[in-house]
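Here are my notes for you, written as numbered points. Keep the structure open while you read and look up each piece as we get to it.

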Amino acid sequence: MTALLDLWRVGVDAVKGDRAVAAALEAGDIPWPNQIISVGKAAATMAQAAGAHFPNVPILIVTKDGHANGAPPYARVIEAAHPVPDQRSLNAGAALLGTVASMAPGSHLLMLVSGGASALAEALKGSMTLDDLATATQHLLASGADIHAMNARRKELSLIKGGGLLRRFHGVHVTTLAISDVEGDALDVIGSGIGDALPSAPFLFTPRIVASNALARAAIEDASLFAILRNQENLYDDVEALAGRLAPMLQKAEPGLSIFGGEPTVILPKNPGLGGRNMALALCLAREISGDENLQILVAGTDGTDGPTDAAGALVDGTTWDPSGANALARADAYPWLSAKEALVKTGPTGTNVMDLMLALRS
């Protein structure tokens, strides 16, 4: 089973923030910036590469708790909560607005954006409070809504999403380098469009996607010593529906490796236990393939975290399931159940975020 984890790491390494940003900057067509702003789960590693390429440029980093490793020592770093925003998220939003609005005419802003930015930085419209925002976020997370629906709602509440942040920019050029954690790699969806500009923006806007799920999957395919049966970005459904559809296909497959990417959804009960969408999908799949001695499946988030836990996901096979798993699924409490089975995948923060990867090996 270590072969699957090794291949997963190959995919993640191929899209790490420092590597992706360094490659984009080495192309040589991005002018010297007056300010660097990096926001998201991969903000520190992205800023590390940008700081090395553009030394002594001021850097503001907004990232998740525990994800600041690699940040340049002179950078201003704000850590905040994810996936439910906290007061630090509002502090981060104010810092972003202040930094962008204070830039001089004629200046160039380099924006580095990765997934997670939606929760990590916020500035609220009107009379909306932090409690209102937290309640709305918790409702969205529990509803099983996909990232497009969630980010559409976030934009409605925000002064900095959907191009709102860059409306405060009075310089001449914004370059946005983004690591995509959304289907279709749309900049207006990544981080709810925090690094996007409105079509009417009175400055030159140069956006670029520098890493994606497709690139991670391609790296895995290139590195695999197993026959590649399929390589698809198709994990866009409820975990139960995905397990019911994918497990029979995998059980009928010839020997080899199947690679999948995307971001499953899960509907949470009123008082959920501890877990995340990848653990839930892995547990559903373990149930479906129970007794199959020739199938191993890894499901893990490329950012190294799955839900509010310290695990990225899980690695299961035909021996993992037993009937007590049904209760864990019903309570959305996969983490302790999979932990007892020694099936959790724990990697720590990876320095990137390109949604989730699922690897299935048929022997």
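**Notes on the strands, helices and one cavity**

1. Let's start with strand 8, which is covered on both faces: Gly 256, Ser 258, Phe 260 and Gly 262 are buried on one side, and Leu 257, Ile 259 and Gly 261 are buried on the other. That makes seven buried residues out of seven for this strand. If the every-other-residue pattern looks odd to you, remember that side chains in a regular strand alternate between the two faces of the sheet. One thing to keep in mind throughout is that this is a predicted model.

2. Now zoom out to the sheet around strand 8. This sheet is open and has six strands, in the order 7-8-12-9-10-11, with mixed pairing. At its edges sit strand 7 (228–235) and strand 11 (344–345), and each of these pairs on one side only.

3. What does "mixed" look like up close? Strand 7 and strand 8 run parallel and are joined by six bridges; Glu 233, for instance, has Gly 261 in strand 8 as its bridge partner. Strand 9 (residues 295–301) and strand 10 (residues 313–317), on the other hand, run antiparallel, with five bridges between them. There you can look for Leu 298, whose bridge partner in strand 10 is Leu 315. In general, strands of a sheet pair through backbone hydrogen bonds, and both directions are allowed.

4. Helix 9 (residues 239–252) goes with this sheet too. This helix lies across strand 7, strand 8 (256–262), strand 9 and strand 12 (356–362), and runs at about 175° to strand 7.

5. Helix 10 (residues 277–288) is a nice one for a quick check. At 1.5 Å a residue, its twelve residues should span 16 Å, and the C-alpha atoms at its ends are 17 Å apart, which agrees. Is helix 10 largely enclosed or largely open? Nine of its twelve residues are buried, so the rest of the structure largely encloses this helix. Among the buried ones are Asn 278, Met 279, Leu 281 and Cys 284.

6. There is another open sheet to find. Its six strands come in the order 3-2-1-4-5-6, and the pairing is parallel. Strand 3 (76–80) and strand 6 (204–211) are the edge strands, each pairing on one side only. On average, neighbouring strands here are turned by 15° against each other, direction ignored. For a close look, try strand 1 and strand 2, which pair in the parallel sense over four bridges. Val 39 stands opposite Val 62 in strand 2.

7. Two helices are worth tracing over this parallel sheet. Helix 3 (residues 43–53) has eight of its eleven residues buried, so to speak mostly covered. This helix lies across strand 1, strand 2, strand 4 and strand 5, at about 155° to strand 2. Its buried residues, including Thr 45, Met 46 and Gly 51, pack against those strands and also against helix 2. Helix 4 (residues 87–101) lies across strand 1, strand 2, strand 3 and strand 4, running at about 145° to strand 3.

8. Next, compare two residues. Arg 19 is found in helix 2 (residues 17–26) and is exposed, with a relative accessible area of 51%; the cut-off for "exposed" is over 50%. Leaving out residues up to four places away in sequence, Arg 19 touches Asp 13 and Ala 14. Its C-alpha atom is separated by 9.8 Å from that of Gln 48, 29 residues apart along the chain.

9. Asn 151, in helix 7, is buried, with a relative accessible area of 3%. What does Asn 151 touch, not counting residues up to four places away in sequence? The contacts are Ser 118, Val 189 and Ser 192. Asn 151 and Ala 23 are 128 residues apart in sequence, with their C-alpha atoms 29 Å apart in space.

10. Last stop, the cavity. The count comes to one cavity of 30 Å³ or more, and the largest cavity has a volume of about 50 Å³. Its lining includes Pro 85, Ser 118, Glu 122, Arg 154 and Lys 161. Helix 5 (117–120), helix 6 (130–143) and helix 7 (147–157) each supply at least two residues of that lining.

Methods. Residues are numbered from 1 along each chain as its sequence is written. This is a predicted model: local features need pLDDT of at least 70, side-chain atom pairs count only at pLDDT 80 or more; totals for chains, interfaces and linings use all residues. Side-chain values use heavy atoms; hydrogens and water are left out. The expected span of a helix is 1.5 Å times one less than its number of residues. Buried means under 20% relative accessible area, exposed over 50%, partly exposed in between (1.4 Å probe, protein chains only). Contact means heavy atoms within 4.5 Å. Two strands pair if DSSP finds at least two bridges between them. Axes are lines fitted to C-alpha atoms, for helices over the stretch in contact, and angles run from 0 to 180 degrees between N-to-C directions. On a 1 Å grid over the protein atoms alone, a cavity is a set of points where a 1.4 Å probe fits but cannot get out, and a pocket is an open set with protein on both sides within 12 Å along at least five of seven lines; lining residues have an atom within 4 Å of a point. Grid points are joined across faces, edges and corners, and a volume is the space filled by probe spheres set on the points.
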